[in-house]
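User: I would like to learn how to read helix packing and side-chain contacts in a model. Please take me through some cases.

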Amino acid sequence: MQAVGFWLSKRSQMHPERIALTVPGGEGYVHVTYAELNRRVNRLARALRSAGLSRGDRVAILSLNCPEFVELLFAAAKAGLIVVPLNVRLAVPEWRYQLADSGARLLLVGPEFAAHGPVLQQETAVERVIALPAPGETGEYGEWLAAHSDDEPVLPAGEPPVTLDERFIICYTSGTTGKPKGAVLTQGNQFANALNACMTLDISGRDTSITLLPMFHVGGIGLFTLPTLYAGGRVVLPRRFDPGEALRLIETERVTVVFGVPTIHRALLQHPDFDKTDFRSVRFFYSGGAPCPLDLIRAFHSRGLAFGQGYGLTETSPTHFLLVPEDFQRKAGSVGRPALHAEARIVDANGRDLPPGQVGEVVVRGPNVFKEYWGKPQETAAAFRDGWFRTGDLGWADEEGCVTLVGRLKEMIISGGENIYPIEVEQVLESHPDIVEAAVVGLPDPHWGETPHAAVVLRPGASLDSAALTAWCRQHLAGYKVPKSFTVIEALPRNAAGKVEKPKLVTMLSEQLGAKQRPSA
Ligand code: AMP
């Protein structure tokens with residue numbers, strides 16, 4: 001079986017003039033054909049190898065969505081290199097950690113982040129930073145590519161061919177230990193994701209998808225950028241999500257498939273242009289990445305728009321469960337069944353299968369499930385039980401095998417589709433001189449789904465300065481991880497085993513914050 005780079009070479013031979021990408025450039029958007037994309041990818045694959053990168057070396061990218069992101073994925077695939085996408089919302093120490101941990105030797109930075117280049121080379125293995133151009137421009141990156149041939153790259157003599165087992169992408173996800181872990185996805189994992197998405201949802205060369213998720217998340221790569229290009233379809237790739245622009249593009253580019261996290265779909269729905277937009281080209285809207293409220297699904301359905309939901313994790317590349325269009329109405333709220341090449345079970349705390357209707361942990365298996373956490377064999381082993389990956393999500397299956405998620409075993413907050421592990425925020429708070437202890441919980445938010453809130457125990461004599469704590473968090477953490485409120489308490493509620501009782505804290509903070517928002521009598 002040939003690996004990911006092969007798809008593009010093949011497509012560029014089969015239909016060189018077909019449009020692969022529609023991207024910002026010049027005054028508006030421009031089209032890139034499969035032949036053009038493949039030629040640029042070939043140049044980049046050669047440029048990366050000429051820069052001294054060897055098989056399995058890591059190349060990081062810190063950028064908004066852009067054609068160069070797609071080029072890097074395919075070039076790395078052809079050259080047997082590993083891409084490390086960095087979340088643009090993180091703070092400098094967080095980027096540095098991921099660069100150092102992955103050992104990335106080269107970093108591509110978008111124009112918005114160019115100023116961070118030098119500081120990201122400090123205490124990391126990054127030897128060279130290459131600036132990506134603004135839309136429509138050539139820049140350092142363009143000149144770098146121009147210096148190399150656009151012929152298919154050839155691996156050095158004696159080097160084995162790139163196979164599906166090749167490590168391809170390291171996506172950082174946070175975890176219970178506080179520090180993010182790099183989930184290693186192979187080319188085979190992305191191939192399985194493409195097959196699962198295309199074969200389960202009938203995505204074909206006639207489809208045009210729009211990528212509204214950032215490509216630094218595996219969702220932006222796998223839903224449905226790479227699957228659409230695998231199928232020979234077209235991807236519309238705005239730089240960042242803007243609801244008005246997205247609606248305009250859906251109409252003018254005749255988009256057929258729209259993927260988003262619930263916050264994105266809600267923003268589309270609430271935009272004044274939503275009801276004026278011509279959606280006749282759209283086959284379906286699709287949600288994933290966070291719980292999708294039923295009222296949101298119904299709002300699309302009530303306008304005659306097909307809307308479905310899937311579920312997966314970074315570790316599953318990410319597609320694992322998909323609701324098929326036939327079930328969009330009948331099973332609204334369910335995340336569907338495992339995709340064509342994926343399996344799942346619902347198990348109890350001892351790993352025993354549970355019957356339909358009973359809530360348990362979702363465990364999964366399939367060719368889309370990640371290989372390992374980068375450099376963390378113990379964490380990798382702990383993530384699996386008998387070959388099944390433990391998702392940490394709770395759900396139940398109905399008699400037809402469709403799963404509904406009801407909660408999480410893991411302590412994770414999802415805000416606008418971005419995951420927040422409380423421990424990471426708690427550690428930053430507890431490193432502040434005024435704070436003895438801190439606990440962070442998620443509270444419901446109408447726009448973001450959930451937002452983080454903190455309860456803090458102060459040192460004797462210290463007083464709460466929310467602005468200072470916010471600034472402290474911002475220095476160390478991505479903006480979306482910074483607690484929206486700080487509440488002083490005398491002691492954290494703990495159970496007999498000394499574990500902080502988060503559910504109690506949720507009730508306490510909800511009541512206190514609710515009371516604060518009510519006008520005083
Ligand atoms: P990530 O690794 O960032 O893709 O986050 C994966 C987590 O997002 C899962 O473990 C779930 O908790 C959550 N998630 C993804 N899709 C859904 C969904 N459709 N409904 C509810 N939660 C979801």
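Analyst: Helix 2 and helix 3 are oblique to each other, a class for angles outside the named ranges: under 35 degrees is roughly parallel, over 145 roughly antiparallel, and 65 to 115 roughly perpendicular. The model is predicted, with local features needing pLDDT of at least 70 and side-chain atom pairs 80 or more, while totals for chains, interfaces and linings use all residues. Residues are numbered from 1 along each chain as its sequence is written, and side-chain values use heavy atoms, leaving out hydrogens and water.

User: At what angle do helix 2 and helix 3 pack, and how far apart are their axes?

Analyst: Axes are lines fitted to C-alpha atoms, for helices over the stretch in contact, and angles run from 0 to 180 degrees between N-to-C directions. Helices are DSSP runs of H or I with at least four residues, numbered from the N terminus. Here the angle is about 60°, with the axes of helix 2 and helix 3 (residues 67-79) 8 Å apart. Their crossing is right-handed, meaning that the near helix is turned clockwise from the far one by less than a right angle; anticlockwise would be left-handed.

User: Which kinds of residue make up the contact of helix 2 with helix 3?

Analyst: Contact means heavy atoms within 4.5 Å. Leu-37, Val-41 and Leu-44 are among the helix 2 residues involved, and Val-70, Leu-72 and Phe-74 are among those of helix 3. The contact residues divide into ten nonpolar, two polar and five charged. Ala, Val, Leu, Ile, Met, Phe, Trp, Tyr, Cys and Pro count as nonpolar, Asp, Glu, Lys and Arg as charged, and the others, Gly among them, as polar.

User: With which side chain does the side chain of Arg-49 make a polar contact?

Analyst: A polar contact is a pair of N or O atoms within 3.5 Å; within protein, one must be able to donate a hydrogen and the other to accept it, and residues adjacent in sequence count only if both atoms are side-chain atoms. Arg-49, in helix 2 (residues 34-50), has such a contact with the side chain of Glu-159 at 2.6 Å. A polar atom of the Arg-49 side chain also lies 2.8 Å from the backbone oxygen of Ala-79.

User: How are helix 11 and helix 12 packed?

Analyst: Helix 11 (residues 262-270) and helix 12 (residues 294-302) make an angle of about 45°, and their axes are 11 Å apart. This pair is therefore oblique, with a left-handed crossing. Pro-262, His-265, Arg-266 and Leu-269 of helix 11 meet Asp-295, Leu-296, Ala-299 and Phe-300 of helix 12.
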